[in-house]
Amino acid sequence: KAAFSVARRFREAYDVVAAKPPLGDIAGFAAMAVLTVVFIRGGVQNYPLTVRNAFVNQRVEIGMLSLNGVYTTVRYTYKRWKKNRGAFMTELGPPSRSFEQMARTIVDPEKESADPDYPLYRSYRYSPSETKPYNVVIFLMESWSSKYVGALGARISATPFFDKLAGEGLLLTGFMASGQRSIESLSALLGSFPSFGGLALGEQGYLYQTRFETAGGIFQKQGYDTMFIHGTEPGILDIDQLTKRMGFPWLISRDSFLVGGKMNDRLWGIGIYDEYLFLKAHEQFEKQSRPFFAVVFSLTSHTPYIVPSVKFRHFSESTPHHEFLDSMRYSDYALGRYFEEARKSNYFKNTLYVIMADHTEGASTSDNLYENHWIPCLIYAPGLVKPGRYDRLASQVDIVPTIMDILKMTAKHNSWGMSIFNRGDRSALLSRGDMSLYLKGQYMMLMDYQGATSIYNYRKNPGVELDSADPKVKSLKEKLFGEALDYVKFSFSLIANNKVKPPMAAEPDRQP
């Protein structure tokens, strides 16, 4: 009897499972499945929501409240297991020098005052009456490499307009890209943060928990309109979210154009040729009634190096990397077209320009560590910046403090860089995948966080490694490695302990 009862129950369960569900249930299940996917993605747009979408303003606390704890925990665990980026830093320990000593290698006590609890949160000592309310425009030129800039001694120059303009501005001859990716250059330029250990503003990780005074935020608080101008779709590189995090609520992108015809590149299908992008920027600048801070990020000299027409095919097919060189020369032409129109405007004479690359073109510079990070940078503001050449070391993290120094701005900022007009020794830590390049004086060292692997005298011969068996070279490597490791430990300690910038309630009042 008991066996019969069990068999009957199994039969009833089978009948329930085997029964065909009503059509309405099938339709309801399908609708819920679709809605679930849409909600998880955050909408029906091309690009799904990611962690960075929560951090679209200067209040990181709001970002934290926006996140799904289970999702972010699983995602972080997976990324840590996959790349192990940032995780190793918890094991590095404190620097061998005090925070005060480390901060003094960056902050100039004669020109700047710093918060002792937040050693890189500082301001210049100028009087507010000295501030020069210039517009600021940064042209970020995709993949421009100093190796092909005539003003920097290139045998093959792809930049005739830039070469001419360089004679009218301050040319930084030893300027270095902070990384090899655009996201690293944007982190360094607009966050004044040097990427190391895979960390970069705009990517998931420790930096999302950190309060930063970004370039856009600084200028917004000084009454500037801030805008970011790029010829791609907003979702590429998550530009729309990254720019908000960097203090640029105003994004001019491909969506701002009537796409098609000669303006639209023929291969990517998602970008605007540089000439039309730059002229669009000029049109917007002419409409401005308030001072503005703008970043114009070029596109055409990005792979696959498509130019608008055959008239921009300048280099012969026998020239190595001729397709890239043609695209670089076209971007230079587009820059010339912008300046041709801008010189006729009212805003031009009150504008400070910085023209620089995001990083180098990889294939044509890959055989030389120095050339692989060496990029052009020109500061141009007739009547404000004296023309000449600056031959000391500088990198992208130094740009915002340099601009603030030139304009004599007294706003608070937190930068790992220092104005090029500061005194003292200069150094640079550059990201190179899971490794770094550390430059100081005339030396360049390739390292990971266990030790130095090679060292070069980049001023004399950047392509020849120094003999590590030489006791003097060995001692130099140990000294430079100790300095670089202290810099990394100091930086990570500030981030991990939220000592980069104080909470907003603790900040002093700013100009509206």
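Before anything else, a word on usage: when I say that two residues are in contact, I mean that they have heavy atoms within 4.5 Å of each other. Please also keep in mind throughout that what we are looking at is a predicted model.

With that in place, let me begin with F339, which, once its neighbours within four places in sequence are left aside, is in contact with F139, F161, L165, F348, Y353, I355 and Y380. F339 is also one of the residues with the most contacts inside the largest nonpolar core, a set of 106 residues, and it shares that standing with I138, F139, F285, F339's contact partner Y353, and L407. The element that gives the most to this core is helix α11, spanning residues 322–342, which supplies nine residues. Apart from this core lies another one, of 29 residues, and among its members are M102, L120, M445 and V500.

Let me turn now to helix α13, residues 399–406, which is mostly covered, with eight of its eight residues buried. That buried list includes not just nonpolar names such as I399, V400 and M404 but also T402 and D405. Just after the helix, K408 takes a positive phi of about 55°.

Within α13 I would like to dwell on I399. Why does I399 count as buried? It does so because its relative accessibility is 3%, whereas the cut-off for that label is under 20%. Not counting residues up to four places away in sequence, I399 touches I138, F175, L189, V354, M356 and C377. In the case of C377, which is 22 residues away along the chain, the C-alpha atoms of the pair are separated by 9.7 Å.

Definitions and conventions: Residues are numbered from 1 along each chain as its sequence is written. This is a predicted model: local features need pLDDT of at least 70, side-chain atom pairs count only at pLDDT 80 or more; totals for chains, interfaces and linings use all residues. Side-chain values use heavy atoms; hydrogens and water are left out. A nonpolar core is a set of buried Ala, Val, Leu, Ile, Met, Phe, Trp, Tyr and Cys residues joined through side-chain atoms within 4.5 Å. Buried means under 20% relative accessible area, exposed over 50%, partly exposed in between (1.4 Å probe, protein chains only). Helices (H or I, at least four residues) and strands (E, at least two) are DSSP runs, numbered from the N terminus.
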